[in-house]
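User: I have a model open and would like to understand the reasoning behind its labels. Could you walk me through them?

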Amino acid sequence: MIPADTIDELARRLDTAQTTRTDTPSLADTHEFDVDDAYAIQAALVALREARGERTAGVKLGFTSKAKMAQMGVSDVIVGRLTDAMRVADGDDVDLARFIHPKVEPEVAYRLCRDVDLDDPATDIESCVDAVAPALEIIDSRYRDFRFTYGDVVADNTSASAYAVGPWRPVASVSNRAVRLIAGGTEVTGSTAAILGDPVRALHALLDMCRRRRVPLRAGQVVLAGAATAAVPLPEGVTRCEVAGLGSVSVRGVR
Ligand code: OOG
Ligand code: MG
């Protein structure tokens, strides 16, 4: 474990990178730290945002698809936290000046309808979810050129930056649904099967991660299950994610 003041210093460095929209070199260039340290930095980073009045709005999984693992050169699922300041309403403008080098990815979101007891081994995570929706996640690594180690990206709250959720529907299976991301002139297609074989598995992976990392899961929170395709740069103009049979969600990049 690295000392508490180093955890604090690295959290501040990432926080400043975000608030000033200035990228920072990989923490691993100058510091040796393990995954537990990385989650401690993440918790300290989110605490800085909460000290400014932001409130936890949900959680996200990362690297639940092979496309994302290959794109970023990592091979294990990660968990991050979403705050209310990251939320963009469906169809709303999003100011590109908020970010360093934003990318967007098509996702599936679940809504928690009850608090999840992380300490009860019998917890049934699927029964804690009441709705599902198409979602867009905007990721904006605080690291130069999106180059990071596994520990770096965990510390940087898994590149979490903004997200939009489409209309909620009562929860049902969303396995094997076609996914389409239209981001300006770029179109990417995929399937919800890319998300751990079936997005519902992301809920089980989430429970496991939140138990290990002591990330609370509360009624009303949004869960992002992870990208179904590789991420693409967030362009000016409309970006839309369509999930077959589930609907669509969009944001509009503006300058
Ligand atoms: C990390 C975030 C990964 C996902 O859906 O896989 C992620 C990154 O690629 O910068 O959000
Ligand atoms: Mg994502």
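Analyst:
**Cavities, pocket, metal site and contacts**

The largest cavity has a lining of 16 residues, and those nearest its centre are K60, F63, K68, I139 and T158. Please keep in mind that this is a predicted model.

User: What makes a residue part of the lining of the largest cavity, and which elements supply at least two residues?

Analyst: A lining residue has an atom within 4 Å of a point of the space. At least two such residues come from each of β1 (56-62), α3 and β5 (129-139). The most comes from β1, with 3 residues. By class, the lining holds 9 nonpolar, 3 polar and 4 charged residues. The space itself amounts to about 110 Å³.

User: How many cavities does the search find, and what lines the second largest?

Analyst: The whole structure has 2 cavities of 30 Å³ or more. The second largest, at about 60 Å³, passes that cut-off. Its lining is made of L14, D15, Q18, L45, R49, M86, R142, D156, N157 and A160. Here α1 gives the most, with 3 residues, and both α1 and α2 (35-51) supply at least two. The classes are 4 nonpolar, 2 polar and 4 charged.

User: Why is a space called a pocket and not a cavity, and what is the volume of the largest pocket?

Analyst: The word depends on escape: in a cavity the 1.4 Å probe fits but cannot get out, whereas a pocket is an open set. The largest pocket holds about 190 Å³ of space. It is lined by 15 residues, and Q18, R49, R98, F99 and S161 are the closest to its centre. Both α1 (4-19) and β6 (160-165) contribute at least two residues to this lining, which divides into 6 nonpolar, 2 polar and 7 charged residues.

User: How do you know which residues are donors of the magnesium ion (ligand 2)?

Analyst: Distance decides it. A donor here is an N, O or S atom within 2.8 Å of the metal. The OE atoms of E105, E107 and E137 lie 2.0 to 2.1 Å from the magnesium ion, so they count as its protein donors. Water is not among the atoms, so the site may look incomplete. Along the chain, the donors follow the spacing E-x1-E-x29-E.

User: What makes K68 and E105 a salt bridge, and are they buried or exposed?

Analyst: The limit is 4 Å between a side-chain nitrogen of Lys or Arg and a carboxyl oxygen of Asp or Glu. The closest N and O atoms of K68 and E105 are 2.8 Å apart, so the pair qualifies. This bridge links distant parts of the chain, 37 residues apart: K68 sits in helix α3 (residues 66-72) and E105 in strand β4 (residues 103-112). Buried means under 20% relative accessible area. K68 is at 5%, so K68 is buried, and E105, at 4%, is buried too.

User: Why are R180 and E187 called partly exposed?

Analyst: That label covers values between the buried limit of 20% and the exposed limit of 50%. R180 has 29% relative accessibility and E187 has 46%, so both are partly exposed. Their side chains also meet in a salt bridge, at 2.8 Å from N to O. R180 and E187 belong to a network of salt bridges together with R240 and E242. The structure holds 16 salt bridges.

User: What separates R212 and D208 along their helix?

Analyst: About one helical turn, because R212 and D208 are 4 residues apart in helix α5 (residues 199-213). Their side chains meet in a salt bridge at 3.4 Å, N to O. D208 is partly exposed, with 39% relative accessibility.

User: How do you know that C128 is in no disulfide?

Analyst: A disulfide needs two cysteine sulfur atoms within 2.5 Å, and the search finds 0 disulfides in the whole structure. For C128, the nearest cysteine sulfur is that of C113, 6.4 Å away, so the cut-off is not met. C128 is buried, at 5% relative accessibility. C210 is in no disulfide either, the nearest cysteine sulfur being that of C128 at 12 Å. With a relative accessible area of 0%, C210 counts as buried.

How values were computed. Residues are numbered from 1 along each chain as its sequence is written. Chains are lettered from A and ligands numbered from 1 in the order in which they are written. This is a predicted model: local features need pLDDT of at least 70, side-chain atom pairs count only at pLDDT 80 or more; totals for chains, interfaces and linings use all residues. Side-chain values use heavy atoms; hydrogens and water are left out. On a 1 Å grid over the protein atoms alone, a cavity is a set of points where a 1.4 Å probe fits but cannot get out, and a pocket is an open set with protein on both sides within 12 Å along at least five of seven lines; lining residues have an atom within 4 Å of a point. Grid points are joined across faces, edges and corners, and a volume is the space filled by probe spheres set on the points. Ala, Val, Leu, Ile, Met, Phe, Trp, Tyr, Cys and Pro count as nonpolar, Asp, Glu, Lys and Arg as charged, and the others, Gly among them, as polar. Donors are N, O and S atoms within 2.8 Å of the metal (3.2 Å for Na, K and Ca); water is not among the atoms, so sites may look incomplete. Buried means under 20% relative accessible area, exposed over 50%, partly exposed in between (1.4 Å probe, protein chains only).
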